[in-house]
Amino acid sequence: MGRHAAGEDPVKRRQIVEGAREVFMNVGFDAASMNDITRAAGVSKGTIYVYFENKGELFQTIILEAKQLIFEDLRATLNAEGPAEDILKRFSARLATGMTCEETVKAMRIAIGVAERFPELVRSFFGGHPENLVDTVSNFVAARIETGELQAENPRLAAVQLLELSTGHLWKQRLFGLMDAPPSEAEISEMAENAVTLFLSRYSART
């Protein structure tokens, strides 16, 4: 195998990201130092700076990767064939699972803690990306309006309401430390069932 150019070795980059993830999740953003990250990643500080400009860029990379992992699964769920109700229940459950897992909650707490100084870090997760989740759900609603399953004057508003119904209670309890561990499968299933039932009571085109 040929040698990789500086900053282009995917194995080395992954090694740095995983080391940084370990440090950030253990001590948070402010307490994490580049020395800590070099030890956890098993590389020199010079090597880290070949791949990443600073620890802010490293943390943003970790946030974006977590978001992409969750959102890719959710988009695939919405793109599946089947009745809207069944798809939305699976989507709602997977969304709640992803948003309440330990790593996501820790990452969001860290991002919120540095929001005023580094607003771009929060925008990385919550901001207006061209393929953000609100747009993805809005497109699903619009498509199911065309099939006659749903009706909504404002598909985007409907999408926002579904996301809030699916995650609001459990996610906020996890985020603020009122729930020490991720909710059980039964709790998530109940939340998803109720969320979709409420959503369809307003937006179903079928009586």
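What share of the contacts in the protein chain with a separation of 6 or more comes from residues 24 or more positions apart? In this predicted model, such residues account for 69% of those contacts. The protein chain contains 10 helices and zero strands, and its elements accordingly run α-α-α-α-α-α-α-α-α-α from the N terminus on. The C-alpha trace spans about 65 × 45 × 30 Å along its principal axes. Of the 207 residues of the chain, 43% count as buried.

Helix α10 comprises residues 185–203, 19 residues in total. From its first C-alpha to its last it reaches 26 Å, close to the 27 Å expected at 1.5 Å a residue. The buried residues of α10 are Ile 188, Met 191, Ala 192, Ala 195, Val 196, Phe 199, Leu 200 and Tyr 203. Viewed down the helix axis, the buried residues of α10 fall within an arc of 155°, so they line one face of the helix. On the other side of α10, Ala 186, Glu 190, Leu 198 and Ser 201 are exposed. The cover over the buried residues of α10 includes α5 (84–100), α8 (133–146) and α9 (155–175).

Helix α8 has 14 residues, which should span 20 Å at 1.5 Å a residue; the end C-alpha atoms of α8 are 20 Å apart, in agreement with this value. Within α8, Leu 133, Val 134, Thr 136, Val 137, Ser 138, Phe 140, Val 141 and Arg 144 are buried. This set includes the polar residues Thr 136, Ser 138 and Arg 144. The buried residues of α8 pack against α4, α5, α9 and α10. After α8 comes Gly 148, with a positive phi near 85°.

The packing of these helices is reflected in the nonpolar cores. The largest nonpolar core has 28 residues, of which Leu 88, Phe 91, Leu 133, Val 137 and Phe 199 touch the most other members. Helices α4 (55–78), α5, α8, α9 and α10 each supply at least two residues of this core. Apart from this core lies another, of 23 residues, among them Val 17, Phe 29, Met 34 and Leu 58. Phe 199, on α10, touches Leu 88, Val 141, Leu 150, Ala 158, Leu 162, Leu 165 and Ser 204, when residues up to four places away in sequence are not counted.

A polar side chain is also found in the interior, at Ser 166 in helix α9. Ser 166 has a relative accessible area of 0% and is therefore buried. Its side chain makes a polar contact with the side chain of Ser 92, at 2.8 Å. With neighbours within four places in sequence left aside, Ser 166 is in contact with Ser 92, Leu 95, Ala 96, Met 191 and Ala 195. Of these partners, Met 191 and Ala 195 are among the buried residues of α10.

The structure holds four aromatic pairs. In one of them, the rings of Phe 24 and Phe 29 have their centres 5.8 Å apart and their planes at 10°, so the pair is stacked. Phe 24 is buried, with a relative accessible area of 1%, and Phe 29 likewise counts as buried, at 5% relative accessibility. Phe 24 also forms an aromatic pair with Phe 59; this pair is edge-to-face, with 5.2 Å centre to centre and 75° between the planes. Because Phe 24 lies in helix α1 (residues 10–31) and Phe 59 in helix α4, the pair ties together parts that are 35 residues apart in sequence. Both Phe 24 and Phe 59 are buried. Ring pairs thus link Phe 24, Phe 29 and Phe 59 into a cluster.

A further approach between positions distant in sequence involves Met 108, which is located in helix α6 (residues 102–113). Met 108 is buried, with a relative accessible area of 1%. The C-alpha atoms of Met 108 and Leu 175 are 7.7 Å apart in space, while the two residues are 67 residues apart in sequence.

Conventions
Residues numbered from 1 in each chain as written. Predicted model: local features only at pLDDT ≥ 70, side-chain atom pairs only at ≥ 80, totals over all residues. Heavy atoms only, no water. Helix = DSSP H or I, 4+ residues; strand = E, 2+ residues; numbered from the N terminus. Expected span 1.5 Å × (residues − 1). Buried < 20%, exposed > 50% of the residue type's maximum accessible area, 1.4 Å probe, protein only. Arc of directions from axis to C-beta. Contact = heavy atoms within 4.5 Å. Core = buried A, V, L, I, M, F, W, Y, C linked by side-chain atoms within 4.5 Å. Polar contact = N/O pair within 3.5 Å; in protein donor to acceptor, adjacent residues only side chain to side chain. Phe/Tyr/Trp six-rings, centres within 6.5 Å; stacked < 30°, edge-to-face > 60°.
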